[in-house]
Amino acid sequence: MEIQKLYDLDDIEFEDIAIGLVRLAKNIPDHEFFFKVNQKNDLSFSRKKDIILHGDYYDYFFPRFEAYHKFTKTCFTFIANKSSESKQKKLQTELFSEEENIKFLLNNQVDVQYILHSSEQFHDFSVILLPENLVFPIQDYTLSSDEELYQIIQYYE
């Protein structure tokens, strides 16, 4: 008796995800940034369970902050682009291993502090008021389904 496939991955159309890239004008700790964001909004961002990526030599931890918008019923998530902590699992024995103790979710955007994601298909980040003189304008960015960050966001959503 054959087991019927529930779905074929080749037949599924993956939609791109729209995210926002947040760059800070000055380096401040997470708690101070979100305190200022929460003061300016009726949103209340709080820290959630970190996103954990498992490498060959290190486990990387990325802070995650979430808030729900009451009127639009939308969940907004800030994810740190740079790992805040890494735990070494085993000693590196290879001379030219590409794995280091610091990891970025977007390797080509190392100047980005946070990745902003919305639970809605459209990306309207204008409902979040960010502190003036502290944050550059949010840059729109599209993730395709073949990028690692796309898979991470889908998993943690």
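User: By relative accessibility, does R23 count as buried or exposed?
Analyst: The model is predicted, and the areas used here are computed from it. Residues under 20% relative accessible area are taken as buried. R23 has 16% relative accessibility, so the residue counts as buried.

User: Which side chain meets that of R23 in a salt bridge?
Analyst: The N to O distance of the pair is 2.8 Å. R23 sits in the loop between β1 and α1 (30–40), and its partner in the loop between β5 (85–88) and β6, so the bridge ties together parts 88 residues apart in sequence. The partner is partly exposed, with a relative accessible area of 41%. The residue asked for is D111.

User: How many salt bridges does the structure hold?
Analyst: The pair of D111 and R23 is one of them. Another joins K87 and E85. The total for the structure is five.

User: How many residues apart are D59 and K89, the pair that links distant parts of the chain?
Analyst: D59 and K89 form a salt bridge with their closest N and O atoms 3.4 Å apart. D59 lies in strand β3 and K89 in the loop between β5 and β6, and their separation is 30 residues.

User: Which residue of that salt bridge, D59 or K89, counts as buried?
Analyst: K89 has 44% relative accessibility and counts as partly exposed. D59 has 15%, under the 20% cut-off. The buried residue is therefore D59.

User: What is the N to O distance in the salt bridge of K87 and E85?
Analyst: K87 is partly exposed, with a relative accessible area of 44%. E85 is also partly exposed, at 38%. Their side chains meet with an N to O distance of 4.0 Å.

User: In what order do the elements of the protein chain run from the N terminus?
Analyst: The chain has two helices and seven strands. Read from the N terminus, the order is β-α-β-β-β-β-β-β-α.

User: Among contacts between residues at least 6 apart in sequence, what share joins residues at least 24 apart?
Analyst: The protein chain has 157 residues, of which 41% are buried. For contacts between residues at least 6 apart in sequence, the share that joins residues at least 24 apart is 71%.

User: Which element gives the most residues to the largest nonpolar core?
Analyst: That core has 20 residues, and I19, L105, L143 and L149 touch the most other members. At least two residues each come from β1 (17–22), β2 (46–54), β3 (58–69), β7 (139–143) and α2 (148–156). With four residues, the element that gives the most is α2.

User: How many residues are in the other core that lies apart from it?
Analyst: Among the members of this other core are I28, F33, F65 and V135. Its residue count is 19.

User: Within what arc do the buried residues of α2 fall?
Analyst: The buried residues in α2 are L149, Y150, I152 and I153. Seen down the helix axis, they line one face, because their arc is 165 degrees.

User: Which residues is L149 in contact with, leaving aside neighbours within four places in sequence?
Analyst: L149 is one of the buried residues in α2. Elements that cover the buried residues of this helix include β1, β2, β4 (74–80), β6 (114–118) and β7. The contacts of L149 are I19, L105, L106, I115 and L143.

User: What is the bridge partner of I52 in β3?
Analyst: β2 and β3 run antiparallel and are joined by seven bridges. A hairpin of three residues connects these strands. In β3, the partner of I52 is F61.

User: Which residues does H69 touch, not counting those up to four places away in sequence?
Analyst: H69 is found in strand β3. Its relative accessibility is 10%, so H69 counts as buried. The residues touched are L43, T74, F76 and V127.

User: Which residue has a positive phi although it is not a glycine?
Analyst: Its phi is about 60 degrees. The residue is found in the loop between β6 and β7. With a relative accessible area of 74%, the residue is exposed. The name asked for is N133.

Notes. Residues are numbered from 1 along each chain as its sequence is written. This is a predicted model: local features need pLDDT of at least 70, side-chain atom pairs count only at pLDDT 80 or more; totals for chains, interfaces and linings use all residues. Side-chain values use heavy atoms; hydrogens and water are left out. A nonpolar core is a set of buried Ala, Val, Leu, Ile, Met, Phe, Trp, Tyr and Cys residues joined through side-chain atoms within 4.5 Å. Buried means under 20% relative accessible area, exposed over 50%, partly exposed in between (1.4 Å probe, protein chains only). Contact means heavy atoms within 4.5 Å. The arc is that of the directions from the helix axis to the C-beta atoms. Two strands pair if DSSP finds at least two bridges between them.
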